[in-house]
Amino acid sequence: MYYPELGGAIDDQIPSQFARARTTLASFACTLIKQLSNDGKDTVLSHGSGCFWRHNGDVFILTARHVLTGRSPFDDTILSQENQYIPKRITVFPTVTANPNAWLRQNLTVEINHDPPNFLQDPEFDQLRTDIAALFLCHDEPAQICCLNDDNSIFGELFTLVGMDCSVVGYPTPHFSGLMVHIWKRGSIALETNLQLDRKPMFLLDANTSPGFSGSPVFRQHFGPLPVLQDDSSIELKVDNVRTISFVGIYAGRLRHRHVGGEVPFVFYANRIPRLFQQR
């Protein structure tokens, strides 16, 4: 069976079908996360997704907490029951500036400490079980690594109702090469947006995902004229908008329940991320 090489590349010998297309910065701020074996051989045992985040000149790997700990955020059980695997080393792939007109992917291997942890987590984790963590990567001044929060345009709040579109952007498989651009997986908001799920800062999606998406950034996405809610509850339209995206959370997994009829993806709120960095 044929499996195409994922990740994307620019081939001057193949004229593009979309010659006037624009690149989304978020596609180069995200990374595959390879979880390596602890026997010194660095065999890839599993993988997740994440993105790079800039804070006070430092770059962090932002992902789901369980990608770094190997444990369920809800009850701390080890997720890999078969081999009791707890990741201690991961490889990530930052996009760096090669020259003013070009980016390239590098690969870096990072150590994870668990006692005490060398990653940041929600200071209210014990109460909220927020499945988001940030692991220090490097100091980056002047800025060369492409980070998600380099793009201020993705942090505006979009008018959102249940059923509206969103995208999970991550890596369903560890087999990516070239520019290593992830997959945009389309879904929709599956819970009323003014409600929290299980008294935790998370919401549900209706989307077809796989385990490798754990840690992926999730974007609310709107095409066409943009509805903007006014202070008096009226709605105005920004008619010149073509596509608008807003970063709304970190994909954490899929809830299993016998009454749901399958697995329902869940996402932790992006507004918890600044709380992680209050500790820096």
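**Exercise 1. Take stock of the whole chain: what share of its residues is buried, and how do its overall dimensions look?**

Solution.
Step 1: Of the 280 residues in the chain, 48% count as buried. Keep in mind that this is a predicted model.
Step 2: Turn to the radius of gyration. For 280 residues, a compact globule would come out near 19 Å, and the chain has 19 Å, so the two agree.
Step 3: Add the extents. The C-alpha trace spans about 60 × 50 × 45 Å along its principal axes.
Step 4: Finish with the surface. The accessible area of the chain is about 15500 Å², and carbon and sulfur atoms hold 49% of that.

**Exercise 2. Describe the secondary structure, the sequence range of the contacts and the charges of the chain.**

Solution.
Step 1: Count the elements: there are four helices and 17 strands.
Step 2: Look at the contacts with a separation of 6 or more; 64% of them come from residues 24 or more positions apart.
Step 3: Now the charges. The chain carries 24 positive and 29 negative side chains, and the centres of these two sets are 4 Å apart.

**Exercise 3. Trace the pairing from strand β1 through β4 to β7. In which sense do the strands run, and which residues are bridge partners?**

Solution.
Step 1: Start at β1, residues 30-36. Two bridges connect this strand to β4, residues 89-92, and the two run antiparallel.
Step 2: Pick out a bridge between them: Gln 35 has Ile 90 in β4 as its partner.
Step 3: Move on to the other pairing of β4. With β7, residues 108-111, β4 forms four bridges, again in the antiparallel sense.
Step 4: Here Val 92 is bridged to Leu 108 in β7.

**Exercise 4. Work out the surroundings of Leu 128. Is this residue buried or exposed, and what does it touch?**

Solution.
Step 1: Locate Leu 128 in helix α3, which covers residues 125-128.
Step 2: Check the accessibility. The cut-off for buried is under 20%. Leu 128 has 17% relative accessibility, so it counts as buried.
Step 3: List the contacts, leaving out residues up to four places away in sequence: Asp 122, Arg 199, Lys 200, Pro 201, Phe 268 and Arg 272.
Step 4: Take Pro 201 from that list. It is 73 residues from Leu 128 in sequence, yet their C-alpha atoms are 7.1 Å apart.

**Exercise 5. Examine two histidines, His 66 and His 182. Where does each one lie, and which residues does it contact?**

Solution.
Step 1: Place them. His 66 belongs to helix α2, whereas His 182 is in the loop between β10 (165-170) and β11 (183-189).
Step 2: Read the accessibility of each. His 66 has a relative accessible area of 12%, so it is buried. His 182 has 4%, so it is buried too.
Step 3: Go through the neighbours, setting aside those within four places in sequence. His 66 touches Arg 71, Pro 73, Leu 79, Asp 131, Ser 214 and Ala 252.
Step 4: Do likewise for His 182, whose contacts are Ala 26, Ser 27, Cys 30, Val 169, Gly 170, Tyr 171 and Phe 176.

**Exercise 6. Characterise Phe 136: how accessible is it, and what lies around it?**

Solution.
Step 1: Find Phe 136 in strand β9, residues 133-139.
Step 2: Classify it. Partly exposed covers the range between the buried limit of 20% and the exposed limit of 50%. Phe 136 has 34% relative accessibility and therefore counts as partly exposed.
Step 3: Beyond four places in sequence, Phe 136 touches Asp 58, Val 59, Phe 60, Val 110 and Arg 280.
Step 4: Compare sequence and space for Phe 136 and Ile 112: they are 24 residues apart along the chain, with 9.6 Å between their C-alpha atoms.

**Exercise 7. Inspect the backbone in three loops. Where is the cis peptide bond, and what is phi at Asp 42 and Asp 76?**

Solution.
Step 1: The cis bond joins Asp 115 and Pro 116, with omega about 0 degrees. Pro 116 is in the loop between β7 and β8 (119-121).
Step 2: At Asp 42, phi is near 55 degrees, a positive value in a residue that is not glycine. Asp 42 sits in the loop between β1 and β2 (44-55), and its relative accessible area of 29% makes it partly exposed.
Step 3: At Asp 76, phi is near 65 degrees, which is positive for a residue other than glycine. Asp 76 falls in the loop between α2 (65-69) and β4, and is partly exposed at 33% relative accessibility.

Conventions: Residues are numbered from 1 along each chain as its sequence is written. This is a predicted model: local features need pLDDT of at least 70, side-chain atom pairs count only at pLDDT 80 or more; totals for chains, interfaces and linings use all residues. Side-chain values use heavy atoms; hydrogens and water are left out. The radius of gyration is taken over C-alpha atoms; the globule rule is 2.2 Å times the number of residues to the power 0.38. Buried means under 20% relative accessible area, exposed over 50%, partly exposed in between (1.4 Å probe, protein chains only). Contact means heavy atoms within 4.5 Å. Accessible areas come from the Shrake-Rupley method with a 1.4 Å probe; for residues, only the protein chains shown count as cover. Lys and Arg count as positive and Asp and Glu as negative; His and the chain ends are not counted. The place of a charge is taken as NZ of Lys, CZ of Arg, CG of Asp or CD of Glu. Two strands pair if DSSP finds at least two bridges between them.
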